[in-house]
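Biologist: I would like to go through this model term by term. Please set each label against its definition.

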Amino acid sequence: MDRQTALAILHRADIYGITSEEHSLGRSNVEVAQLMIAAGIKVIQYREKDKKARLMYEECCKIRELTRAAGVLFIVNDHIDLAMLVEADGVHIGQDDLPPAKVRELVGKEMLIGLSTHNPAEAQAAEKAGVVDYIGVGPIYATQTKKDVSAPVGLEYLSYVAQNISLPFVAIGGIKEHNLAEVIRHGGRTVALVTEIVGAVDIKAKVQALRAKFT
């Protein structure tokens, strides 16, 4: 999809889905992506750290087909080359990855760039850089889905971003159904949930329950 459409979807999203096969009750990333799409999730990020490159490529090709057909925003975590190869709508990078300006040189003008941030200085730098389209804000709470995760930043940082940063942002990290309303009260409008969704027996029912918190 074109850049403006992708940005519009990101702005409207309430739930930002992220794959995690080890937490998916034996289901593949492709199957979970299908279930997320059927549940009405409009943004899906492919995140895998330990798989072989060929397998990740094959999975992303299939998910790209599914998301394109459904008009769903598809983002690849970390792997810039993979995002480019499958023509993803965006790539999400961390503070220790290539500088956003260099990533922009690689991916061109159309692809969205998301950047994880953990404190006000990083959020300000992302905004000032002028090449980042949205930021991740977190981890809000302790999380076990990433091995190299930062310490929880808490709700105070989320509130800071909501009040001071103009970039779209995604709250992430340890967010569950029981604390989602608290995240929303502190300014979270687009929220990433990982195990709460991929680990649900009925993903559609879980998404419906989560969406009810936004109203």
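Modeller: Start with pairing: two strands pair if DSSP finds at least two bridges between them. Bear in mind that this is a predicted model.

Biologist: What makes S1 and strand S8 a pair?

Modeller: Three bridges join S1 to S8, residues 191–193. The definition asks for at least two, so the two strands pair. They run parallel. Within this pair, tyrosine 16 stands opposite alanine 192 in S8.

Biologist: How do you know that S1 also pairs with strand S2?

Modeller: By the count of bridges again. Three bridges join S1 to S2, residues 43–46, and these strands run parallel. Here tyrosine 16 stands opposite valine 43 in S2.

Biologist: How does the chain get from S1 to S2, and why is the crossover called right-handed?

Modeller: The chain passes through helix H2, residues 29–38, in a β-α-β crossover. With the strands pointing away from the viewer, a right-handed path over the helix runs clockwise. The crossover from S1 to S2 is right-handed, so its path is clockwise in that view.

Biologist: What makes both faces of S1 covered?

Modeller: S1 spans residues 15–18. Ile15 and Gly17 lie on one side, Tyr16 and Ile18 on the other, and all are buried. Buried means under 20% relative accessible area.

Biologist: Why is cysteine 60 called buried, and what is cysteine 61 called?

Modeller: Cysteine 60 has 0% relative accessibility, so it counts as buried. Cysteine 61 has 24% and therefore counts as partly exposed. The partly exposed class starts where buried ends, at 20%, and exposed means over 50%.

Biologist: How many disulfides does the structure hold?

Modeller: Zero. Cysteine 60 is in no disulfide, and its nearest cysteine sulfur, that of cysteine 61, is 7.4 Å away.

Biologist: Why is there no bond for cysteine 61?

Modeller: The closest cysteine sulfur, in cysteine 60, is 7.4 Å from that of cysteine 61, which is too far for a bond. A disulfide needs the sulfur atoms within 2.5 Å.

Biologist: Now the whole chain. What does its secondary structure come to?

Modeller: Ten helices and eight strands.

Biologist: Why is the chain called as compact as a globular protein of that length?

Modeller: Its radius of gyration is 16 Å, and the globule rule gives 17 Å for 215 residues. The two values are close, so the label holds. Buried residues make up 52% of the 215.

Note on methods:
Residues are numbered from 1 along each chain as its sequence is written. This is a predicted model: local features need pLDDT of at least 70, side-chain atom pairs count only at pLDDT 80 or more; totals for chains, interfaces and linings use all residues. Side-chain values use heavy atoms; hydrogens and water are left out. Buried means under 20% relative accessible area, exposed over 50%, partly exposed in between (1.4 Å probe, protein chains only). Helices (H or I, at least four residues) and strands (E, at least two) are DSSP runs, numbered from the N terminus. The radius of gyration is taken over C-alpha atoms; the globule rule is 2.2 Å times the number of residues to the power 0.38.
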